[in-house]
Amino acid sequence: MNRIVPLLVSLALLAGCTKEKEEERQFEKGVVDLGTHSLRTYALMNDRPNLVVLEAGLGDDHSVWLTLNLAEALGDSADVLIYDRGGYGESTLDDNPRNIERLRSELEAVVNPYAESKNLILVGHSLGGLIIRDFAINHPESTTGLLFLDPSHEAYNQPTQDMEDLVVDAFSDAFGPESGGAREAEQLVEDFAFAADLLPLPDVPVIVLTSMKEDQANTLSDQTYHKTRDDWYQAHELLGTGVTDFTHIPTTESGHYIMKDEPDLVVDQIQILLSKLPLK
């Protein structure tokens with residue numbers, strides 16, 4: 001079990017890099033007031049009919065999408081929205097559990113002021129994949145496309161309580177017990193149990209990018225869960241259940257952070273989703 005600790009700590013430290021990027025200045029900052037706490041948003045709005053919302057993974061704030069101008073590159077063809085979940089960046093927290101249902105409800109609150117009647121494409125990385133799954137299932141009428149980037153999945157991710165405690169401790173030591181990462185990590189066992197009962201995705205265009213790279217992080221993850229890269233790929237295949245337009249792309253060029261290793265691949269897949277949307 002201890003072999004996962006160095007990876008968790010290094011990931012936590014990498015995720016905590018929240019220095020302002022030059023690209024961030026092009027996004028209009030906003031605040032969504034939830035009554036008990038508030039969430040910081042960053043929007044690139046040009047009155048376009050399509051809205052792309054980028055949902056980060058565990059431990060990452062909005063700046064993960066600014067790497068190599070990924071979010072900015074989408075601005076020519078869609079409005080773009082990124083944000084910090086509670087406890088990250090300039091977003092605050094309340095005392096409620098930070099489980100998938102709550103994170104999904106807060107995503108709803110973030111999207112509503114910006115979506116209007118726009119086509120909505122949701123992009124989710126890692127744990128963010130669970131959040132956009134729950135959103136799409138609850139809002140099939142407003143979800144018009146989904147892109148999953150190496151998403152967490154209950155068929156592969158089956159953490160024990162000891163594993164969860166290690167992740168909580170890693171984020172607590174790096175950023176404090178009330179940080180977004182630590183608070184979300186407290187719900188990992190419950191989150192994957194919840195995900196196991198989720199309904200299939202709505203029948204909208206879905207693209208999944210899966211990291212098949214044999215790097216240290218993927219190898220350690222496979223060892224920890226007693227799984228293989230093929231198990232990871234097959235778990236992601238399940239996202240296509242009941243979906244007519246489903247594309248699953250494996251990549252050996254990217255590790256878990258596909259948007260950092262192959263940003264052009266991610267942008268290209270979003271553009272493909274945009275090309276499938278109805279004109280407004």
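**Reading helix H4 and some of its company**

Tutor: Let's start with helix H4, whose buried residues are Leu127, Gly128, Gly129, Leu130, Ile131, Ile132, Arg133, Asp134, Phe135, Ala136 and Ile137. Keep in mind that this is a predicted model.

Student: What makes H4 "largely enclosed" by the rest of the structure?

Tutor: Count the residues. A residue is buried when its relative accessible area is under 20%. In H4, 11 of the 12 residues pass that test, so the helix is largely enclosed.

Student: Which elements do those buried residues pack against?

Tutor: Quite a list! There are three strands, S3 (50–55), S5 (119–125) and S6 (143–149), plus the helices H3 (100–115), H6 (180–185) and H7 (188–195).

Student: How do you know that the span of H4 agrees with its number of residues?

Tutor: Take 1.5 Å times one less than the number of residues. For the 12 residues of H4 (127–138) that gives 16 Å, and the end C-alpha atoms are 17 Å apart, so the two agree.

Student: Okay, on to Leu68. Why is Leu68 called exposed?

Tutor: The cut-off for exposed is over 50%. Leu68 has 56% relative accessibility, so it counts as exposed. You'll find Leu68 in the loop between S3 and helix H2 (70–73). Pro263 is 195 residues away from Leu68 in sequence, yet their C-alpha atoms are 7.1 Å apart in space.

Student: And why is Lys227 called partly exposed?

Tutor: Partly exposed runs between the 20% and 50% cut-offs. Lys227 has a relative accessible area of 23%, so it belongs there. Lys227 is in the loop between helix H8 (216–225) and helix H9 (229–237).

Student: What is Lys227 in contact with, leaving aside neighbours within four places in sequence?

Tutor: Ala155, Tyr156, Gln158 and Asp222. Tyr156 is also part of an aromatic cluster with Tyr225 and Trp232. The whole structure has 3 aromatic pairs.

Student: How do you know that the charged end of Lys260 sits over the ring of Tyr257?

Tutor: The charge has to be within 6 Å of the ring centre and within 35 degrees of the ring normal. The charged end of Lys260 is 4.9 Å from the centre of the Tyr257 ring, and it does count as sitting over that ring.

Student: Last one: what volume does the second largest pocket have, and which residues are closest to its centre?

Tutor: Its volume is about 160 Å³. Of the 13 lining residues, Val111, Ala115, Glu116, Leu120 and Ser142 are the closest to the centre. H3 supplies the largest share of the lining, 4 residues.

Notes
Residues are numbered from 1 along each chain as its sequence is written. This is a predicted model: local features need pLDDT of at least 70, side-chain atom pairs count only at pLDDT 80 or more; totals for chains, interfaces and linings use all residues. Side-chain values use heavy atoms; hydrogens and water are left out. Rings of Phe, Tyr and Trp (its six-membered ring) pair if their centres lie within 6.5 Å; planes under 30 degrees apart count as stacked, over 60 as edge-to-face and the rest as tilted. Helices (H or I, at least four residues) and strands (E, at least two) are DSSP runs, numbered from the N terminus. Buried means under 20% relative accessible area, exposed over 50%, partly exposed in between (1.4 Å probe, protein chains only). Contact means heavy atoms within 4.5 Å. On a 1 Å grid over the protein atoms alone, a cavity is a set of points where a 1.4 Å probe fits but cannot get out, and a pocket is an open set with protein on both sides within 12 Å along at least five of seven lines; lining residues have an atom within 4 Å of a point. Grid points are joined across faces, edges and corners, and a volume is the space filled by probe spheres set on the points.
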